Amino acid sequence: MIGDVAVIRCEGRIVAGEEAQSLRAQAEESLLETKKFVLQLAGVTYVDSGGLGAIVRLLGTLRAARGDLKLCGLSPFLQQVFEATNLKELFHTYSTESEAMAAFSQRPQASSQASRAARPKVICVDSSSDLLAYLSALLKQCSYEVYTAKHLSDAATLARSTHPRLAICGPTTQASASAFEKFRQADPQMQILLLPPDFHAAEASQAGSDLVGRIEALLIAQR
């Protein structure tokens, strides 16, 4: 803690599994004291989709509580990850820890939200909250209207009420063929995109750009 700001200095890999869980546990230790966080990422050498999802989830938790998360010290690799996934505008990034700290005393800039009118609707389904956070942030930055669900039954209810153009189903949704078929029948016009089993562990920027490309190809073919 530095004043009323929690600073977490990360090193090594932020990936799905123990590393992402360690980041969450470290953040939870300070959540009762403050909702202002700085992630110092100068020592981070690699991040996968699950790890990036954990950072996005922390950002969402803090902003929902009227706090914020600032990032600093991004290496060229991390800069490329955030640019390739279109998440750079979602986060406030700074060169140094002191700049990130000072930003909490500045008046926040008003953000403009794109109109929801013509945005394609997409449902993302998987039991992993980190993966859903990553997918939601990635697709919202690409101007999709995103809904998420951890269970196929909940996703089916969403599909019947929202009529999405596409459903993205993570690896854990494909275990039960009968449940998956019921979900598919919730809206027969809905396209289904299945994520590979190792998607959560893939390098975040490559996984994001490949996924966006697959989505665009499916929606173009659907017209």
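Among contacts in the chain between residues at least 6 apart in sequence, what percentage join residues at least 24 apart? In this predicted model, the share is 76%, and the close-up views below show some of the places where distant parts of the chain come together.

**Figure 1. The whole chain, with its eight helices and eight strands.** The radius of gyration of the chain is 18 Å, close to the 17 Å that the globule rule gives for 223 residues, and the chain is therefore as compact as a globular protein of that length. Along its principal axes, the C-alpha trace spans about 55 × 35 × 35 Å. Of the 223 residues, 45% count as buried.

**Figure 2. The salt bridge between D4 and K36.** A search of the whole structure finds eight salt bridges, and in this one the side chains of D4 and K36 meet with a distance of 3.0 Å from N to O. The two partners come from distant parts of the chain, since D4 belongs to the segment before strand 1 (6-14) while K36 belongs to strand 2 (residues 36-47), and they are 32 residues apart. D4 counts as partly exposed because its relative accessibility is 42%, and K36, with a relative accessible area of 29%, is partly exposed as well. As background for this view and the next two, side chains of opposite charge can pair when their charged atoms come close.

**Figure 3. The salt bridge between R9 and E97.** Here the side chains of R9 and E97 meet at 2.7 Å, again given from N to O. R9 lies in strand 1 and E97 in helix 4 (residues 97-103), so that this pair ties together parts of the chain that are 88 residues apart in sequence. Is each partner buried or exposed? R9 counts as exposed, at 56% relative accessibility, whereas E97 counts as buried, at 17%.

**Figure 4. The salt bridge between R24 and D130, part of a network.** The closest N and O atoms of R24 and D130 are 2.3 Å apart. Because R24 lies in helix 1 (residues 18-31) and D130 in helix 5 (residues 129-141), the pair ties together parts that are 106 residues apart in sequence. R24 is partly exposed, with a relative accessible area of 23%, and D130 is buried, with a relative accessible area of 9%. Salt bridges that share partners join R24, D130 and R57 into one network.

**Figure 5. Helix 1 and its buried side.** Helix 1 has 14 residues, and the distance from its first C-alpha to its last is 20 Å, close to the 20 Å expected at 1.5 Å a residue. Its buried residues are A20, L23, A27 and S30, and because they cover an arc of only 90 degrees around the axis, they lie on the same side of the helix. The face turned away from this buried side carries the exposed residues E18, E28 and E29. Among the elements that cover the buried residues of helix 1 are strand 1, strand 2, helix 2 (49-64) and helix 5.

**Figure 6. The largest nonpolar core, around L69 and I168.** In soluble globular proteins, nonpolar side chains tend to be buried together. The largest nonpolar core of this model has 48 residues, and those with the most contacts inside it are L69 and I168. Which element gives the largest share of this core? Helix 5 does, with eight residues. Leaving aside residues up to four places away in sequence, I168 touches V122, I123, C124, V125, L135, L139, L193, L195, L211 and I215. A second, separate core has 15 residues, including A159, A167, F180 and A186.

**Figure 7. Two loop residues with positive phi, S143 and H163.** Most residues other than glycine have a negative phi, and most peptide bonds are trans. S143, however, has a phi near 70 degrees, which is a positive value in a residue other than glycine. S143 lies in the loop between helix 5 and strand 6 (145-149), and at 40% relative accessibility S143 counts as partly exposed. For H163, phi is near 50 degrees, and this too is a positive value in a residue other than glycine. H163 is found in the loop between helix 6 (152-162) and strand 7 (166-169), where H163 is exposed, with a relative accessible area of 53%.

Terms used:
Residues numbered from 1 in each chain as written. Predicted model: local features only at pLDDT ≥ 70, side-chain atom pairs only at ≥ 80, totals over all residues. Heavy atoms only, no water. Salt bridge = Lys/Arg side-chain N within 4 Å of Asp/Glu carboxyl O. Helix = DSSP H or I, 4+ residues; strand = E, 2+ residues; numbered from the N terminus. Buried < 20%, exposed > 50% of the residue type's maximum accessible area, 1.4 Å probe, protein only. Expected span 1.5 Å × (residues − 1). Arc of directions from axis to C-beta. Contact = heavy atoms within 4.5 Å. Core = buried A, V, L, I, M, F, W, Y, C linked by side-chain atoms within 4.5 Å. Rg over C-alpha atoms; globule rule 2.2 N^0.38 Å.
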